[in-house]
Amino acid sequence: MRKFVKDLILPIAVGSTLAFVIQASLAKPYEIPTNSMFPAIQGANSAGDRAPDRVIANRVIYKLRDISRGDVVVFDPTKGARAACSEPGDVPFVKRVIGIPGDRVSVRKETISASSPYPELRPGGELAVRRVASPNSFGPDGVGEQRLAEGDTTYVTFVKKAGEADATPFVVPGALTPDYEVTFPPVPDGNLLMLGDNRPGSCDAHVWIERGAEFTPQDNVIGQAEAIYWPITRLRFLS
């Protein structure tokens with residue numbers, strides 16, 4: 001009996017303990033219940049035949065470096081953010097960091113023009129494409145793209161970084177086009193401004209601002225969403 005415990009039970013117990021410690025301190029898996037980060041991270045689709053993506057959150061990375069604009073993070077939302085999204089319980093949120101302390105973030109209506117000071121907003125530019133979820137923003141199955149021409153309008157996210165004179169477009173490749181305008185206050189020290197890549201269908205800072213909860217404390221960040229590990233066909237690192 002003693003040999004059985006030593007040769008079988010003890011290794012299983014030690015392995016389970018190590019797995020728990022690694023999960024708690026280094027990385028932890030999360031299922032993504034919504035499509036707020038679509039198409040980068042997919043929730044269930046409108047037909048109900050697509051399994052939500054599951055991601056690994058790197059819990060150590062921000063002990064080694066600062067949080068950066070563009071990072072996709074797993075975090076505990078504030079009470080105001082959770083209430084605005086009607087999300088009960090303690091399920092973490094996953095969004096993209098758009099503003100860091102000192103930034104001024106806005107979403108503005110802009111016209112595509114060959115004379116635009118921003119190359120991204122000239123015909124053929126990176127933001128001269130309107131991307132929308134299909135069939136809808138709640139349970140998208142794909143992304144529809146419309147190339148914009150001279151004189152067409154679109155909504156663009158701008159970031160004015162601390163110490164810089166002008167705001168510039170903040171490009172997230174593949175993100176869906178916003179359908180709203182908003183101007184946020186400067187991001188306070190120790191806070192972040194989060195938006196989902198599914199801009200029209202994401203409950204994020206542009207919704208939370210109505211409750212005065214547009215900013216998320218950096219201390220609420222659990223870790224960086226490092227990779228999709230399930231379904232296996234979606235296996236990939238997140239940019």
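Begin by selecting Cys85 and Cys203 in this predicted model, and look along the bond between their sulfur atoms: the torsion about that S-S bond is about -100 degrees, so the disulfide is left-handed. The two sulfur atoms are 1.9 Å apart, and a search of the whole structure finds 1 disulfide. Now colour the loops on either side, because Cys85 lies in the loop between helix H3 (79–84) and strand E4 (93–99), while Cys203 lies in the loop between strand E11 (191–195) and helix H4 (205–208), so the pair ties together parts that are 118 residues apart in sequence. Is Cys85 buried or exposed? With a relative accessible area of 14%, which falls under the 20% cut-off, Cys85 counts as buried.

Next, zoom out to the whole chain, where you can find 4 helices and 14 strands. Of the 239 residues of the protein, 44% count as buried. Among the contacts in the protein with a separation of 6 or more, 66% are between residues 24 or more positions apart.

Select strand E3 (72–75) now, and show its side chains. In a regular strand the side chains alternate between the two faces of the sheet. Both faces of E3 are covered, with Val72 and Val74 buried on one side and Val73 and Phe75 buried on the other. Add E4, which pairs with E3 in the antiparallel sense over 4 bridges, and there you can pick out Lys95 as the bridge partner of Val73. Then add strand E13 (residues 221–230), which runs antiparallel to E3 and is joined to E3 by 3 bridges; here Phe75 has Val221 as its bridge partner.

Keep Val221 on screen and turn to the largest nonpolar core, which has 30 residues, and in which Ile98, Leu193, Met194, Trp208 and Val221 touch the most other members. Helix H2 (61–64), E3, E4, strand E5, E11 and H4 are the elements that give two or more residues to this core, and the largest share, 4 residues, comes from E11. What is Met194 in contact with, once its neighbours within four places in sequence are left aside? Its contacts include Val73 and Phe75, as well as Lys95, Trp208 and Val221. Apart from this core lies another, of 13 residues, and to find it you can select Ile32, Ala57, Ala225 and Leu238, which are among its members.

Move on to the open sheet of 4 strands, whose order is E9-E8-E5-E10 and whose pairing is antiparallel. Strand E9 (168–169) and strand E10 (182–183) stand at the edges, each with a single partner strand, so one side of each is left without a neighbour in the sheet. Select strand E5 (residues 104–111) together with E10, and you have a pair that is antiparallel over 2 bridges, in which Ser106 stands opposite Thr183.

Finish by displaying the surface and looking for the largest pocket, where about 470 Å³ of space lies. Which of the 24 lining residues are the closest to the centre of this pocket? They are Pro33, Thr34, Asn35, Ser36 and Glu87, so labelled in your viewer they will mark the middle of the pocket. Strand E1 (27–31) and E4 are the elements that give two or more residues to the lining, and E4 gives the largest share, with 3 residues.

Terms used:
Residues numbered from 1 in each chain as written. Predicted model: local features only at pLDDT ≥ 70, side-chain atom pairs only at ≥ 80, totals over all residues. Heavy atoms only, no water. Pairing = 2+ DSSP bridges. Disulfide = S-S within 2.5 Å. Buried < 20%, exposed > 50% of the residue type's maximum accessible area, 1.4 Å probe, protein only. Core = buried A, V, L, I, M, F, W, Y, C linked by side-chain atoms within 4.5 Å. Contact = heavy atoms within 4.5 Å. 1 Å grid on protein atoms, 1.4 Å probe; cavity = no way out; pocket = protein on both sides within 12 Å on 5 of 7 lines; lining within 4 Å. Points joined across faces, edges and corners; volume = space filled by probe spheres on them.
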